[in-house]
Amino acid sequence: MSSFKAFDIAASGMSAQNLRLNLVASNMANVDTISSSIERTYRAREPVFQAVMDGLDPTRPASGVRMLGVIESQAPLRKEYQPDHPMADEQGYIYRPNVNLVEEMANMISASRSYQSNVEVMNAAKRMAVSTIDIGK
Amino acid sequence: MNANSLFGIHEQALRLHDRRSEVLAANLANADTPGYKARDFDFQAVLREAMPGRSLPAVALRVTNPRHIAVAPLPPPLGDLQYRVPEQPSVDGNTVDAQREQAAFAENEIGHQATVRFINGALSTLRRAIRGE
């Protein structure tokens, strides 16, 4: 029954936004994770979403959303000269992650708004399904 | 009197409201998917096609040679999905406008409730007739 399909779609949206929120949390938690080499420094991570199509039939709507993968930001890392730092390399540099806190905050709000709209969809689908079940009572 | 004439168009309308909620839920779930195009269908037009006696002809393949393999006529497509015309598409190619989709979803829910009330009304009429009130 298609009323229950709307539940699955909204649930996939909620799960995708939840994963996005997890990545934001991971980025913000690691904003000060210092490293002594470029390769080992944490880079800001972002999800890439993809619509899940119901077969190849163009007359059917997407049956949800999923996370295609996680990309690491290619923005330059912040290199600082701090020879006294215990993590400094031979030249006296430390590397800070390329996490942009302002971007992460905006991402967090966007993810939570999208999550909310999926919750609303689920509530509305629930009301619709219940009223259909109650027909004839 | 059969159930078809009792509920009339409302049975089809209920099915279409369910389907539309699915389409709009998919739009809202993909509000942050790069390249996703928001979709919807023209409820009135599809409902008019779904009216009894107004069914579209079945889709058949054209045969230009008697040796072509015969394919049984396909059922007419019900409710072709169309792409929404974006007002402000984003840079990543996504055309979902969350506010518009939410408004459409709310409208669809109200329509669904109205249809359910019509069906309930028809049923209570029938019940009253059976009881002889």
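**Exercise 1.** In this predicted model, determine which residue of chain B forms a salt bridge with K5(A), and place the pair within the interface of chain A and chain B.

*Solution.* Step 1: the salt-bridge rule accepts a Lys or Arg side-chain nitrogen within 4 Å of a carboxyl oxygen of Asp or Glu. Step 2: the closest N and O atoms of K5(A) and E22(B) are 3.9 Å apart, and the two residues form a salt bridge. Step 3: the rule finds three salt bridges across the interface of chain A and chain B. Step 4: eight residue pairs are in polar contact between these chains, both residues at pLDDT 80 or more.

**Exercise 2.** Describe the extent of the interface between chain A and chain B.

*Solution.* Step 1: about 2600 Å² is buried between the chains, with 58% of this area from carbon and sulfur atoms. Step 2: on the side of chain A, P61(A), M128(A) and I135(A) lose the most area to chain B, together 22% of what that side buries. Step 3: in terms of contacts, 36 residues of chain A meet 29 residues of chain B.

**Exercise 3.** Establish whether N94(B) is buried or exposed, and identify the backbone atoms that its side chain reaches.

*Solution.* Step 1: N94(B) lies in the loop between β2 (82-83) and α4 (98-131) of chain B. Step 2: N94(B) counts as buried because its relative accessibility is 4%, and the cut-off is under 20%. Step 3: a polar atom of the N94(B) side chain lies 2.6 Å from the backbone oxygen of T33(B). Step 4: the side chain of N94(B) also reaches the backbone nitrogen of V96(B), at 2.7 Å.

Methods: Residues are numbered from 1 along each chain as its sequence is written. Chains are lettered from A and ligands numbered from 1 in the order in which they are written. This is a predicted model: local features need pLDDT of at least 70, side-chain atom pairs count only at pLDDT 80 or more; totals for chains, interfaces and linings use all residues. Side-chain values use heavy atoms; hydrogens and water are left out. Contact means heavy atoms within 4.5 Å. Buried area is the accessible area (1.4 Å probe) that two parts lose on being put together, summed over both. A polar contact is a pair of N or O atoms within 3.5 Å; within protein, one must be able to donate a hydrogen and the other to accept it, and residues adjacent in sequence count only if both atoms are side-chain atoms. Helices (H or I, at least four residues) and strands (E, at least two) are DSSP runs, numbered from the N terminus. Buried means under 20% relative accessible area, exposed over 50%, partly exposed in between (1.4 Å probe, protein chains only).
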